[in-house]
Amino acid sequence: MSSSEPATTVRRRRVFYIPGYDPIHPRRYRELYRKESAAQAGISGYAVGLKPKTTKGPYGWHVASTQDGVAVAADVEVLVWSDIVRDSMSSTIPATYLQLARTAWTYIMSGALWRLMKLRKGPLIAALYPVGMLLLQLLLAVLLCWGVTRAVMLLDAYLPSLALQLVGLFLGLGAGIAVLRWFRARDGKFFAYYLMHDYAYSAQSRGANPPELDARIAEFTELVADALQSDADEVLVVGHSSGAHVGVSVLADLIRQERVPAEGPALGFLSLGQVVPMVSFLPDATRLRADLQYLSARDELAWVDVSAPGDGCAFALCDPVTVSGVAPEGKRWPLVFSAAFTQTLSPERWSELRWRFFRLHFQYLCAFDRPGDYDYFRITAGPMTLAERYRDRAPSKSRIDVAVSKYTSVAAA
């Protein structure tokens, strides 16, 4: 090892990426990584190349990178739960409106909504958006139904009254249903149904993990445990958006089961654009709160939480452990700091992206044209462990680290 290399030089890394509530095939993440890593390498002056994965296991890809004169090999695998997401999104239009009513009832009557309002405004606006949009769609459908019915009734000089009413009602209902179906078919632009299903998925069990998600967490735990027995220098788990709270439970289970070898690879957890409070503030999220509390005090890993106030879909700079009211004595993690989009993106790039809310929510996985100390491709394919890279990094001064949640009970170990 040369004197210029860090003491914990990484030459081989295993990366497990946990997506958020997203129904897309994991190949989209590979293409995003390929495109954005090339862009960042060109800006920052290092080399990155992707090859197909040759090993068994989850979908993934191989990365070869040379950074700071060190060649690094990384195997990136996507821990897929998109099938669970797709199943939860298969509701009919009437069922979605029933979900809306139940979800709103859960957040309002539990008091979680009022507590969440004390945090960032962006995620609350994002949470209220599908409610408003779906109600607007329903209102338009009702108005069209009424309008068509009334128009038909004006033909009373030509048809018997009862027949006219039946025809008007039939045509009006048909027009209203057609409007609702039109909006549903174009939800790729409106995102109302998508976001409603997202919030409803956690709210349906008041924050408790559905059985199918608990089973998938157990499978993910096995995969990470196996990687910790490999010859990798670091095993890095990345949880994005809703994937952050999935990652918390995976790593908490892993450490409780004493499956982190003392002489094995370094273990890192990178949570990006997390939305943990949307779940942890709910009454029955006792398992998640227990996992947050447990993981935050462990020595077996380094946990870094990155977000940005410019991301309106994340609880930016909210310490997920502390705001959930479960910070223990001796809390060590996470280190919370900002990706500072307004500083790490040029004015031209920021102007281009600032109103593209969903695109900004994925910026953590993309290139920055004015990179600071956060670079996704240095973290996942560079020669430093997560712990070493941010060993001397101070948390952001503007972070929110006060207890806010009404519910702080935790599941028994």
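# Exercises on rings, cores and hollows

Apart from its neighbours within four places in sequence, Y407 makes contact with S110, S280, F281, L282, P283, R289 and S324; contact means heavy atoms within 4.5 Å. This is a predicted model, in which local features need pLDDT of at least 70, side-chain atom pairs count only at pLDDT 80 or more, and totals for chains, interfaces and linings use all residues. Residues are numbered from 1 along each chain as its sequence is written, and side-chain values use heavy atoms, with hydrogens and water left out.

## Exercise 1: Place Y407

**Task.** Find where Y407 lies and how many Å separate Y407 from L353 in space.

**Solution.**
Step 1. Look at the segment after α17 (386-389), which holds Y407. Helices (H or I, at least four residues) and strands (E, at least two) are DSSP runs, numbered from the N terminus.
Step 2. Go from C-alpha to C-alpha: Y407 and L353 are 36 Å apart in space and 54 residues apart in sequence.

## Exercise 2: Pair the rings

**Task.** Classify the ring pair of Y21 and Y194, then do the same for F341 and Y364.

**Solution.**
Step 1. Start with the rule: rings of Phe, Tyr and Trp (its six-membered ring) pair if their centres lie within 6.5 Å, and planes under 30 degrees apart count as stacked, over 60 as edge-to-face and the rest as tilted. The whole structure has 19 aromatic pairs by this search.
Step 2. For Y21 and Y194, the ring centres are 5.9 Å apart and the planes stand at 50°, so this pair is tilted. Y21 sits in the loop between β1 (12-18) and α1 (27-44) and Y194 in helix α8 (residues 192-203), so the pair ties together parts 173 residues apart in sequence. Both Y21 and Y194 are buried; buried means under 20% relative accessible area, exposed over 50%, and partly exposed in between (1.4 Å probe, protein chains only).
Step 3. For F341 and Y364, the centres are 5.4 Å apart with planes at 50°, so this pair is tilted. F341 belongs to helix α13 (residues 341-344) and Y364 to the loop between α15 (357-361) and α16 (376-381), 23 residues apart. F341 and Y364 are both buried.
Step 4. Widen the view: Y21 and Y194 join W81, F191, Y201 and F358 in one aromatic cluster.

## Exercise 3: Look for charges over rings

**Task.** Which ring lies under the charged end of R256, and which ring has R393 over its face?

**Solution.**
Step 1. Apply the test: NZ of Lys or CZ of Arg must be within 6 Å of the ring centre and within 35 degrees of the ring normal.
Step 2. R256 passes with Y294, at 4.7 Å from the ring centre.
Step 3. R393 lies over the face of F337, 4.3 Å from the ring centre.

## Exercise 4: Explore the core

**Task.** Name the residues with the most contacts inside the largest nonpolar core.

**Solution.**
Step 1. Recall that a nonpolar core is a set of buried Ala, Val, Leu, Ile, Met, Phe, Trp, Tyr and Cys residues joined through side-chain atoms within 4.5 Å.
Step 2. The largest has 60 residues, and W81 and L119 have the most contacts inside it.
Step 3. Follow W81: beyond four places in sequence, its contacts include Y21, Y201, L213 and F220.
Step 4. A second, separate core has 37 residues, including V304, A308, L335 and L365.

## Exercise 5: Find the hollows

**Task.** What volume does the largest cavity have, and what volume does the largest pocket have?

**Solution.**
Step 1. Set up a 1 Å grid over the protein atoms alone: a cavity is a set of points where a 1.4 Å probe fits but cannot get out, and a pocket is an open set with protein on both sides within 12 Å along at least five of seven lines; lining residues have an atom within 4 Å of a point. Points are joined across faces, edges and corners, and a volume is the space filled by probe spheres set on the points.
Step 2. There are two cavities of 30 Å³ or more. The largest cavity has a volume of about 70 Å³, and α1 gives the most to its lining, with three residues.
Step 3. The largest pocket has a volume of about 1000 Å³. Of its 46 lining residues, D22, Y194, F358, H361 and F362 lie nearest its centre.
Step 4. Zoom in on H361, which lies in helix α15 and is buried, with a relative accessible area of 7%.

## Exercise 6: Check the backbone

**Task.** Where does D68 lie, and is D68 buried or exposed?

**Solution.**
Step 1. Most residues other than glycine have a negative phi, and most peptide bonds are trans.
Step 2. D68, not a glycine, has a positive phi of about 55°. D68 lies in the loop between β3 (60-67) and β4 (70-78) and, at 58% relative accessibility, counts as exposed.
Step 3. Now try the peptide bonds: W333 and P334 are joined by a cis one, with omega about 0°.
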